[in-house]
Amino acid sequence: MFIDRAIIEVRSGKGGDGMIAFIHEKYRPFGGPSGGNGGRGGSIYLRASNTTTTLVNFRHSKVFKAEDGEKGNIKNQYGRSAKDVYIDVPIGTVIFLEDDHSFLVDLNEEGKTFLIAKGGRGGRGNACFKNSRNKAPKIAENGLPGEKKRIILELKLLADVGIIGLPNAGKSTFISCVSNAKAEIGDYPFTTTVPNLGVTYLEDGSSFVLADMPGLIEGAHEGKGLGLTFLRHIERTKVLIHLVDMSEENPYENYLKIRKELEKYGMNLVDREEIIVASKMDEENASENLKEFEKKVGKEVYPICSITEEGLKKVLCKAKDLLKTAKTYPIYKEEEKEVIYNLDKEEPLFKIVKEKEHLYAIKGERVERTYDLINISTDEGMMRLITYLNKIGVDEALKNAGVEDGDIVKLKEFEFEYFE
């Protein structure tokens with residue numbers, strides 16, 4: 001089964017918590033803090049692989065999880081880091097975030113990998129907090145949580161030449177005659193419901209990959225018929241072989257319909273090198289229609305008859321010649337993001353948000369990350385959190401926001417009652 005689009009969820013592992021422990025041995029009764037650090041949570045990578053050619057494996061597997069890192073242990077033993085998870089996808093898969101459909105990466109080369117969800121860092125054990133003023137700290141850090149994302153996988157086939165045309169224009173017959181593709185052929189529209197890939201070999205030893213696309217109809221750029229399935233897979237092609245059925249009444253109008261859909265879809269499809277092929281020349285009135293068509297189109301037209309294989313070599317040789325000089329159009333530009341830090345306009349550590357009457361929340365990426373690290377299961381850990389919140393000015397901000405005695409203030413899942 002050919003599946004070229006899938007939505008999956010990835011969840012990287014949480015970092016292991018740091019340990020609070022002290023050495024109590026026969027000859028070291030006061031050995032000091034010995035809590036080890038937690039291990040790193042497993043990350044999730046996407047990897048382009050030639051072992052699969054479709055996204056059918058993701059039809060039922062919707063969630064991919066990495067394991068959490070192990071907690072730190074006594075005697076300064078570090079927790080074990082979790083194994084990373086590698087998800088193999090077909091070469092040519094493009095990745096987007098589901099939320100805003102923003103582009104992430106184009107996995108267009110064998111072995112290319114992309115970190116899609118980073119594992120959480122392990123927390124530090126109490127041995128890391130020992131200093132000259134606090135020789136027996138009862139403080140440890142929690143491991144940071146992993147990432148959770150929903151992503152879209154779209155497969156865009158890797159082909160040099162795309163065969164396009166209206167339904168029943170003879171595309172499947174053409175690719176069956178010139179390559180090793182075994183396309184379904186029938187005397188009815190939409191014979192091709194999925195793209196067919198085939199490799200053609202010329203007499204001089206050269207070869208290239210062709211893709212036979214599902215038939216295009218008017219409005220395909222909006223998803224009508226099999227339009228998006230068709231258009232998605234010719235985005236990587238350099239040359240288009242445009243088959244126009246000469247047995248139809250208005251072949252020129254049919255030609256213009258396809259060109260119009262290419263233009264509306266975008267992605268520079270209308271700018272690709274094009275070979276115009278007059279198909280079904282063995283049909284009645286085909287010769288007369290061809291003469292009229294050539295006058296209107298004003299370009300070189302290659303007449304063929306796939307059944308007798310007449311004219312096929314000329315088309316393939318023309319495609320080979322065009323491929324030598326054809327421009328490559330990248331699907332998406334992968335640019336390195338330049339981050340500029342402006343010290344004058346540094347973002348605040350937190351903000352106070354009134355969620356409802358008598359309920360306020362402390363929001364902010366940096367304050368929430370610090371909270372995730374602090375282990376508040378001990379008195380010292382709780383004091384560390386309170387000291388941190390006072391230090392960054394939370395108390396003053398709550399007053400300015402109009403918080404009254406008895407109101408509830410929360411920071412993620414941690415809640416407390418406010419009193420001045």
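Begin by selecting helices α6 and α7, whose crossing is right-handed; as you look, keep in mind that this is a predicted model. Helix α6 covers residues 365-373 and helix α7 covers residues 379-391, and the two pack at an angle of about 165 degrees with their axes 11 Å apart. Because angles over 145 degrees count as roughly antiparallel, α6 and α7 are described as roughly antiparallel to each other.

Next, show the side chains where these helices touch: Arg366, Val367, Thr370 and Tyr371 belong to α6, and they meet Leu385, Tyr388 and Leu389 of α7. Sorted by character, the residues of this contact comprise five nonpolar, one polar and one charged.

Now move to strand β13, and select Glu274, which is found in that strand. Is Glu274 buried or exposed? Its relative accessible area is 18%, and because buried means under 20%, Glu274 counts as buried. If you display its side chain together with that of Arg259, you will find a polar contact between the two, at 3.3 Å. Setting aside the neighbours within four places in sequence, the residues in contact with Glu274 are Leu240, His242, Tyr255, Arg259 and Lys299.

From β13, which spans 273-279, follow the chain into the loop that leads to α4 (286-297), and select Asn285, which lies in this loop. With a relative accessible area of 47%, Asn285 is partly exposed. Finally, add Glu248 to the selection: although Asn285 and Glu248 are 37 residues apart along the chain, their C-alpha atoms are separated by 8.9 Å.

Notes: Residues numbered from 1 in each chain as written. Predicted model: local features only at pLDDT ≥ 70, side-chain atom pairs only at ≥ 80, totals over all residues. Heavy atoms only, no water. Helix = DSSP H or I, 4+ residues; strand = E, 2+ residues; numbered from the N terminus. Buried < 20%, exposed > 50% of the residue type's maximum accessible area, 1.4 Å probe, protein only. Polar contact = N/O pair within 3.5 Å; in protein donor to acceptor, adjacent residues only side chain to side chain. Contact = heavy atoms within 4.5 Å. Axes fitted to C-alpha atoms, helices over the stretch in contact; angles between N-to-C directions. Parallel < 35°, antiparallel > 145°, perpendicular 65-115°, else oblique. Left-handed = near helix turned anticlockwise from the far one by under 90°. Nonpolar A, V, L, I, M, F, W, Y, C, P; charged D, E, K, R; others polar.
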